[in-house]
Amino acid sequence: LVRWSATAALPQASAPTLDVTLPAGAAVLYDVAGVLAVRSVSVPASSRLVFEDGGAVAAPRELRTRFVRVLGEVWAGAPDCPFAAPLTITLVGARPTTESLDSSDCGGKAICVSASADNVVGARLELHGTATAHAWTRLRATAPENGTTLELRDAVDAAWAVAGAKVLVTATDFPLLAADAAALGVDNVWRGTNEVRGVASASGTTVELDAPLHFEHFGEQRDTASQHYVEESA
């Protein structure tokens with residue numbers, strides 16, 4: 001592996017309008033500290049991008065980009081070696097967007113993994129983080145507007161409470177009206193009432209959030225006239 005930081009053809013500082021393509025035939029170790037922002041990252045069919053894992057105590061790394069095109073391989077951890085360091089890949093840009101990386105069907109704000117004429121077997125995206133007993137679960141009670149507590153169906157483990165952990169609480173309501181979105185500072189109505197919050201603490205089936213919820217999130221089953229249950233929880 002050659003280090004990204006030692007490769008002259010690759011940016012060492014943010015350049016938000018720059019399209020980056022790894023050198024053909026190269027296996028590159030992404031070791032950039034902090035945040036690196038570029039317009040796009042392309043991995044050719046003969047190339048491989050591997051994110052460096054410095055362990056749980058390592059400084060966070062963040063790659064901010066509009067597109068990632070994978071024709072070769074991208075790795076962060078492996079099935080028998082989970083990635084432990086804090087790593088974020090953030091897709092930026094307007095939403096919705098019609099912008100595209102190239103003439104392919106990848107669309108915008110995407111990690112596009114596909115075969116090519118040079119790699120008919122297909123590309124690989126391998127992301128293996130620290131294992132958790134429940135990567136997702138459902139609410140067992142409705143989370144009210146302005147609430148900061150989630151009551152869950154399943155008990156969660158310590159992985160939910162690590163520094164920087166976030167939880168997505170999915171929508172159980174209709175998309176926002178434009179006026180409501182503007183009042184809440186949400187950039188568009190398409191985000192609906194999905195909400196992301198930091199985890200202040202997690203124990204058993206209870207998660208405490210770092211900030212109140214803007215919306216109610218339904219967490220119950222409804223009994224219909226036919227005596228069948230309808231699952232409506234987030």
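These legends walk through several close-up views of a predicted model.

**View 1. Five strands line up in a parallel sheet.** The strand order in this open sheet is β1-β3-β5-β8-β11, and the pairing is parallel. At its edges stand β1 (2-3) and β11, each with a single partner strand, so one side of each has no neighbour in the sheet. As background, strands of a sheet pair through backbone hydrogen bonds, in either a parallel or an antiparallel way.

**View 2. Here is how β1 meets β3.** Two bridges join β1 to β3, and the two strands run parallel. To find your way around, start at V2: its bridge partner in β3 is V28.

**View 3. V50 has a partner on β3 and another on β8.** Strand β3 (residues 27-30) pairs with strand β5 (residues 48-51) in the parallel sense, over four bridges. Look for L29, which stands opposite V50 in β5. Then turn to strand β8 (residues 73-76), which runs parallel to β5 and is joined to it by three bridges. There, W75 is the bridge partner of V50.

**View 4. A salt bridge runs between β5 and β8.** What do the side chains of R48 and E73 form where they meet? They make a salt bridge, with N and O 3.9 Å apart. R48 sits in strand β5 and E73 in strand β8, so to speak two distant parts of the chain, 25 residues apart, that the pair links. R48 has a relative accessible area of 36% and E73 one of 26%; both count as partly exposed because the values fall between the 20% limit for buried and the 50% limit for exposed.

**View 5. Charged side chains meet in buried spots.** The structure holds nine salt bridges, and two more of them are worth a look here. One is between the side chains of E52 and R61, at 2.8 Å from N to O. Are these two residues buried or exposed? E52 is buried, and R61 is buried too. Follow the shared partners and you get one network of salt bridges that takes in R3, D31, E52 and R61. The other pair is R197 and E195, whose closest N and O atoms are 2.7 Å apart. R197 and E195 are buried as well.

**View 6. Nonpolar side chains gather in a surface patch.** Which residues make this nonpolar patch of about 350 Å²? They are I89, I111, V113, L125 and L127. Two elements, β10 (110-113) and β11 (124-127), each give two or more residues to the patch. Pick out L125, which lies in strand β11. L125 counts as partly exposed because its relative accessibility is 34%, and a residue needs over 30% to be part of a patch.

**View 7. Four strands form an antiparallel sheet.** This open sheet has the order β12-β15-β14-β13, with antiparallel pairing. Its edge strands are β12 (149-151) and β13 (166-169), and each of them pairs on one side only. On average, neighbouring strands in this sheet are turned by 45° against each other, direction ignored. Strand β15 (residues 206-209) runs antiparallel to β12, and three bridges join the two. One residue to look for is T149, whose bridge partner in β15 is E208.

**View 8. T65 is tucked away in β6.** T65 has its place in strand β6 (residues 61-65). Why does T65 count as buried? Its relative accessibility is 0%, and buried means under 20%. A polar atom of the T65 side chain lies 3.3 Å from the backbone oxygen of V38.

**View 9. S40 and V20 come together from separate parts of the chain.** S40 lies in strand β4 (residues 34-43). With a relative accessibility of 1%, S40 counts as buried. Along the chain, S40 and V20 are 20 residues apart, while their C-alpha atoms are separated by 5.9 Å.

Terms used:
Residues are numbered from 1 along each chain as its sequence is written. This is a predicted model: local features need pLDDT of at least 70, side-chain atom pairs count only at pLDDT 80 or more; totals for chains, interfaces and linings use all residues. Side-chain values use heavy atoms; hydrogens and water are left out. Two strands pair if DSSP finds at least two bridges between them. Patches are made of residues with over 30% relative accessible area and no salt bridge: like charges are joined within 9 Å, nonpolar side chains (Val, Leu, Ile, Met, Phe, Trp, Tyr) within 5 Å. Accessible areas come from the Shrake-Rupley method with a 1.4 Å probe; for residues, only the protein chains shown count as cover. A salt bridge is a side-chain nitrogen of Lys or Arg within 4 Å of a carboxyl oxygen of Asp or Glu. Buried means under 20% relative accessible area, exposed over 50%, partly exposed in between (1.4 Å probe, protein chains only). Axes are lines fitted to C-alpha atoms, for helices over the stretch in contact, and angles run from 0 to 180 degrees between N-to-C directions. A polar contact is a pair of N or O atoms within 3.5 Å; within protein, one must be able to donate a hydrogen and the other to accept it, and residues adjacent in sequence count only if both atoms are side-chain atoms.
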